[in-house]
Amino acid sequence: DGCGHTVLGPESGTLASINYPQTSPNSTVCEWEIRVKPGQRVQLKFGDFDIDDSDSCHSSYLRVHNGIGPTRTEIGKYCGFGFQMDDLIISKSNEVTVQFMSGTHTSGRGFLAAYSTTDKSDLITCLDNASHFSEPEFNKYCPAGCVIPFADISGTIPHGYRDSSSLCMAGVHAGVVSNTLGGQINVVISKGIPYYEGSLANNVTSKVGPLSTSLFTFKTSGCYGTLGMESGVIPDSQITASSILEWSDQTGQVNIWKPENARLKRVGPPWAAFISDERQWLQIDLNKEKRITGIITTGSTLAEYYYYVSAYRILYSDDTQKWTVYREPGMDKDKVFQGNTELYQEVRNNFIPPIIARFFRINPLKWHQKIAMKVELLGCQFSIGRAPKITMPPPPQNKNDDRNDDRNDDFSDDFIHSVKTSLQTDKTTFTPEIKNTTVTPSVTKDVALAAVLVPVLVMVFTTLILILVCAWHWRNRKKKTEGTYDLPYWDRAGWWKGMKQFLPTKSAEHEETPVRYSSSEISHLRPREVPTMLQTESAEYAQPLVGGIVGTLHQRSTFKPEEGKEASYADLDPYNSPIQEVYHAYAEPLPITGPEYATPIIMDMSSHPSTPLGVPSISTFKAAGNQAPPLVGTYNKLLSRTDSTSSAQALYDTPKGQPGPGATEELVYQVPQSVAHSTGSKDE
């Protein structure tokens with residue numbers, strides 16, 4: 001009466017003491033007899049060991065024996081609280097006896113152990129989870145019987161399982177190993193997710209789980225794609241049933257729940273049997289042999305009709321004449337699959353090993369109210385590959401020996417039968433390389449090549465575009481640098497900001513400085529383009545014309561203008577002006593007869609007689625042509641512009657002897673050549 005959870009499979013299994021992981025009761029005993037195939041040996045691994053050792057293993061202990069029965073020999077006797085037994089216990093034969101004895105004690109959980117044949121070198125127990133291993137990918141062998149009530153898992157496929165979940169129990173839930181057989185698992189560790197869904201699959205309930213640092217999935221060579229119920233690949237004519245539920249509702253409308261309604265996730269009613277008994281079935285014709293690895297079922301999915309199937313059997317056939325009930329290997333009973341527990345939830349069951357068949361039947365055994373369901377089959381295409389070429393041995397040379405002919409015929413029949421048997425064996429064991437939905441699919445060579453070429457091509461095109469943009473930008477700058485300089489470019493804001501540092505600011509007395517004009521320049525100016533006053537210091541050399549005064553470059557300039565051109569200077573001059581001469585873009589040297597540099601003319605205006613309007617003054621710049629253009633209109637507009645300025649200072653000189661506006665000391669003025677002017681006198 002001391003036996004707890006126990007599953008003894010043909011190659012592996014799990015055993016635990018009664019009430020584990022709670023305290024085991026006093027005065028109990030249990031004995032397990034383990035047998036594997038002859039020629040194999042048994043290895044035993046403890047997942048947890050906690051047995052009272054207060055009396056030195058006298059009344060409470062665990063004893064392991066080689067063999068079974070009276071001839072068995074003891075391998076070891078063990079006890080202790082929290083006893084760590086990392087080493088495997090290996091038998092000398094294919095039979096082992098495990099004996100648990102519980103005496104009087106107050107604490108102690110007992111034990112949980114797993115066993116397998118010795119060829120499973122990577123055996124783990126049902127208590128191991130992903131956090132016990134540091135490798136990003138590893139292979140382990142799960143024993144049979146890891147669906148235990150005291151272990152929890154969180155998650156589902158294909159999203160993955162929380163790292164705190166039992167590896168082997170999650171493997172059963174995912175359908176990669178069988179609870180009655182155990183098997184090999186290939187685990188892949190990856191980054192965790194914030195939320196883990198719960199589901200019911202293979203009689204294992206996965207719970208909803210919170211955020212974790214890591215998760216794990218499984219890599220297999222199986223196939224888990226849908227076979228066409230939901231998508232409609234399987235036509236309605238290939239879905240049949242033993243009976244169909246048909247009735248009229250209160251409005252008189254006839255409702256028929258036909259077999260073709262049994263498509264998973266299809267909106268509307270399901271298939272339902274007219275009579276609810278164990279002889280009903282739903283049949284699906286796959287049109288040819290398929291490898292069927294699982295099934296997903298739901299109930300009616302209609303809230304007003306709370307119908308679902310809670311348990312069923314699976315039958316399969318190649319011709320609908322002879323049907324085979326699905327059984328797990330080594331079992332002599334039909335396997336009963338757990339169905340739904342309510343009408344909405346999808347429940348998955350996997351077939352290990354998979355079913356190879358064309359016709360597939362579901363036989364409900366238990367249901368709620370009525371037999372009603374929707375289904376989807378999981379699997380993939382099945383092919384046995386190319387048959388080997390049959391090469392017959394040469395017949396004997398003696399044609400008269402009939403015995404040899406008979407032997408040759410017998411040998412041929414045996415050889416062909418052997419090949420057929422081999423092909424049939426391959427048919428049931430061949431596993432096509434199909435992508436598994438429980439893990440990240442492997443990348444093919446084409447995908448890997450594309451993953452490399454696409455970034456390289458993007459980088460190449462990006463580089464070419466950058467080179468073209470840079471070349472275009474450099475070419476434009478080069479053209480601007482090497483092209484003819486136009487004076488209108490002087491008015492650029494950048495040039496003006498750079499020149500401000502060379503110009504003095506206005507003093508409190510509004511001191512005037514000489515301003516120089518060219519007759520041809522004035523003729524091309526609009527009133528809005530004439531600044532109020534251009535302040536500059538008297539220089540030893542001719543200063544550049546700034547502030548929008550100059551329209552063209554003259555021969556006697558000694559500086560090179562800036563680049564750029566503003567659209568305002570492109571406006572047409574509303575006044576007539578003579579044809580201008582074409583001058584060089586750069587300043588030409590002064591004539592040899594004259595001074596080397598243009599020198600400002602300083603006139604003593606205090607003792608100079610008044611000059612009537614129309615008398616020409618002296619200019620330091622050469623006019624465009626031999627005669628100066630008329631500037632009456634321009635002159636009037638210039639005066640009107642200067643009168644509106646804040647400084648109220650005139651741009652032309654005042655007759656000698658008459659004080660200019662705001663002048664407190666001797667001033668110097670220069671006016672354009674051959675320009676008639678008039679000034680007025682003001683007393684301060």
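This section describes a four-stranded sheet and selected salt bridges in a predicted model.

Strands of a sheet pair through backbone hydrogen bonds, in either a parallel or an antiparallel sense. In the predicted structure, four strands form an open sheet in the order 3-8-5-6, and their pairing is antiparallel. Strand 3, spanning residues 28-35, and strand 6, spanning residues 73-78, are the edge strands, each of which pairs on one side only. From one strand to the next, the twist averages 15°. Within this sheet, strand 5 comprises residues 61-66 and is joined to strand 6 by five bridges in the antiparallel sense. In this region, L62 is positioned opposite Y78 of strand 6.

Side chains of opposite charge can pair when their charged atoms come close. A search of the whole structure yields 18 salt bridges. One of these is formed by the side chains of E31 and R72, with an N to O distance of 3.3 Å. This pair links distant parts of the chain, since E31 belongs to strand 3 whereas R72 is located in the loop between strand 5 and strand 6, the two residues being 41 residues apart. The salt bridge therefore involves an edge strand of the sheet through E31, which counts as partly exposed because its relative accessibility is 37%. R72 likewise counts as partly exposed, at 25% relative accessibility.

A further salt bridge connects the side chains of R313 and D334, with an N to O distance of 3.1 Å. R313 lies in strand 23 (residues 308-317), while D334 is found in the loop between strand 24 (324-325) and strand 25 (337-338); the pair therefore ties together parts that are 21 residues apart in sequence. With a relative accessibility of 22%, R313 counts as partly exposed. The threshold is relevant to this assignment, because buried means under 20% relative accessible area. D334 is also partly exposed, its relative accessible area being 28%.

The side chain of D334 additionally meets that of R327 in a salt bridge, for which the N to O distance is 2.7 Å. D334 thus has salt bridges to both R313 and R327. For R327, the relative accessible area is 42%, and the residue is accordingly partly exposed. Elsewhere, salt bridges that share partners join E11, K37, D119 and K120 into one network.

Key. Residues numbered from 1 in each chain as written. Predicted model: local features only at pLDDT ≥ 70, side-chain atom pairs only at ≥ 80, totals over all residues. Heavy atoms only, no water. Pairing = 2+ DSSP bridges. Axes fitted to C-alpha atoms, helices over the stretch in contact; angles between N-to-C directions. Salt bridge = Lys/Arg side-chain N within 4 Å of Asp/Glu carboxyl O. Buried < 20%, exposed > 50% of the residue type's maximum accessible area, 1.4 Å probe, protein only.
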